[in-house]
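Student: I am new to this structure and should like to understand how its descriptive terms are justified. Could we go through the reasoning together?

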Amino acid sequence: MTLTFRAKRLGATAISAAPRFLTRKPQPGVRVLTYHSVGHQVDGDINDIYNMSPPEFEKHVATILRFSAAHSLPIVPFGSETQSGIAITFDDGYVDVLQTVAPILSRHHIPFHVLITPTKLTSGDSRYLTTQQLKEVALNPLVSIGAHGFEHRPLTSMSTQDAEQDLRRSRETLQEILQREVVTMSYPFGMVDQSVRDAAARAGFTKAACSKWGFNHPDTDLLMLRRIDMWARDGRSTVVDKLFGSWNWFARLT
Ligand SMILES: [Zn+2]
């Protein structure tokens with residue numbers, strides 16, 4: 001873990017804890033939670049935050065359910081056009097989405113969204129879903145599927161034409177596998193600028209999540225949806241703070 005990250009996390013935890021007791025109602029808006037893996041190592045995870053253990057994930061789920069019930073905030077599928085709610089997303093397509101996450105969330109009837117990088121399906125890397133496993137997870141009525149770049153390359157460092165081509169291929173490949181329309185995505189590494197956002201629109205996407213911190217409101221650009229990053233070792237009070245919106249000022253640090 002880098003010092004800078006540790007300092008930010010400690011600071012955010014301490015500062016966020018104060019308003020929690022003063023805030024009676026959580027901020028309005030749709031919270032889109034970002035998870036990565038529940039049980040597999042995540043490449044480039046220098047702060048060791050994107051892989052959490054199954055028991056830890058179960059604790060997150062219990063806290064989210066309690067928060068949802070306490071504040072009448074429904075847990076909704078990603079892309080739902082609702083004023084307030086909680087949506088749960090998983091980036092990259094780790095195999096634990098099928099083996100660990102689906103059984104836990106299905107038990108609680110919680111919908112969730114999986115964002116897939118098609119080249120990982122055929123990479124032979126056992127951490128990721130195979131094409132067959134993706135088809136299996138897609139059969140779950142609680143699961144919706146979107147794209148996460150064709151090759152998981154940072155789209156902002158590619159030419160506009162190459163970025164559009166990558167986005168188009170990600171969408172078409174998933175549609176071919178799933179035999180259903182795919183119109184949602186998240187930007188690899190959260191990296192997006194105006195030209196990548198416009199390329200996503202031209203490639204046929206109607207909803208796309210970035211990594212900008214915050215909640216979504218009726219006037220939020222649907223191709224620049226904000227998310228809340230959920231981390232390993234986020235305790236119950238941190239999960240609650242993130243759901244309340246106490247961490248939204250964190251956007252200024254990232
Ligand atoms: Zn990713």
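Tutor: The discussion that follows concerns a predicted model, and it takes up helices, their packing and a few individual residues.

Student: Let us begin with two helices. Why is α2 called roughly parallel to α3?

Tutor: Helix α2 covers residues 54–70 and helix α3 covers residues 96–107, and the two pack at an angle of about 30° with their axes 11 Å apart. Angles under 35 degrees count as roughly parallel, and therefore α2 is described as roughly parallel to α3. The crossing in which α2 passes α3 is right-handed.

Student: Which residues make the contact of α2 with α3?

Tutor: From α2 come Pro54, Phe57, Glu58 and Val61, while α3 supplies Thr100, Ile104 and Leu105. The residues of this contact divide into five nonpolar, one polar and one charged.

Student: The helix α2 also packs with α8. What makes α2 oblique to α8?

Tutor: Here the packing angle is about 45°, and the axes of α2 and α8 are 10 Å apart. Angles under 35 degrees count as roughly parallel and those from 65 to 115 as roughly perpendicular, with oblique kept for the rest. The angle of about 45° falls in neither range, so α2 is oblique to α8. The crossing of α2 and α8 is right-handed.

Student: Which residues of α2 and α8 meet?

Tutor: Lys59, His60, Thr63, Ile64 and Phe67 belong to α2, and they meet Arg236, Val239, Val240 and Leu243 of α8. The residues of this contact comprise five nonpolar, two polar and two charged.

Student: Let us turn to α6. How do you know that its span is close to the expected value?

Tutor: Helix α6, residues 160–178, has 19 residues and reaches 27 Å from its first C-alpha to its last. The expectation at 1.5 Å a residue is 27 Å, and the span of α6 is close to that value.

Student: Which residues of α6 are buried, and what covers them?

Tutor: The buried residues of α6 are Ala163, Glu164, Asp166, Leu167, Ser170, Arg171, Thr173 and Leu174. Their cover includes the strands β3 (112–116), β4 (143–147) and β5 (184–186), together with the helices α4 (118–121) and α7 (194–202).

Student: Since α7 is part of that cover, why is α6 called oblique to α7?

Tutor: The axes of α6 and α7 come within 9 Å and cross at roughly 40°. Roughly parallel requires an angle under 35 degrees, and roughly perpendicular begins at 65; the crossing at roughly 40° meets neither condition, so α6 is oblique to α7. The helix α6 passes α7 in a right-handed crossing. In this contact, Thr160, Ala163, Glu164 and Leu167 of α6 meet Ser195, Val196, Ala199, Ala200 and Arg202 of α7. These residues divide into five nonpolar, two polar and two charged.

Student: What follows α6, and why is that residue called exposed?

Tutor: Glutamine 179 follows α6 and lies in the loop between α6 and β5. A residue is exposed if 12 or fewer other C-beta atoms lie within 10 Å of its own; glutamine 179 has 8 such neighbours and therefore counts as exposed. Its phi is positive, about 55°, although glutamine 179 is not a glycine.

Student: Why does arginine 233 count as exposed?

Tutor: Arginine 233 has 12 C-beta neighbours inside 10 Å, and because the limit is 12 or fewer, it counts as exposed. Arginine 233 is located in the loop between β7 (225–229) and α8 (236–244). Its phi is near 70°, a positive value in a residue other than glycine.

Student: Threonine 117 also lies in a loop, between β3 and α4. Is it buried or exposed, and how do you know?

Tutor: Burial requires 20 or more other C-beta atoms within 10 Å. Threonine 117 has 23, so it counts as buried. Leaving aside residues up to four places away in sequence, threonine 117 touches Asp92, Gly93, His148, Gly149, Glu151 and His152.

Student: What makes serine 144 buried?

Tutor: Serine 144 is placed in strand β4. It has 21 other C-beta atoms within 10 Å, against a requirement of 20 or more, and is therefore buried. Not counting residues up to four places away in sequence, serine 144 touches Pro77, Phe78 and His113.

Key. Residues are numbered from 1 along each chain as its sequence is written. This is a predicted model: local features need pLDDT of at least 70, side-chain atom pairs count only at pLDDT 80 or more; totals for chains, interfaces and linings use all residues. Axes are lines fitted to C-alpha atoms, for helices over the stretch in contact, and angles run from 0 to 180 degrees between N-to-C directions. Helices (H or I, at least four residues) and strands (E, at least two) are DSSP runs, numbered from the N terminus. Angles under 35 degrees count as roughly parallel, over 145 as roughly antiparallel, 65 to 115 as roughly perpendicular and the rest as oblique. A crossing is left-handed if the near helix is turned anticlockwise from the far one by less than a right angle, and right-handed if clockwise. Two residues are in contact if their C-beta atoms, placed from the backbone, lie within 7 Å. Ala, Val, Leu, Ile, Met, Phe, Trp, Tyr, Cys and Pro count as nonpolar, Asp, Glu, Lys and Arg as charged, and the others, Gly among them, as polar. The expected span of a helix is 1.5 Å times one less than its number of residues.
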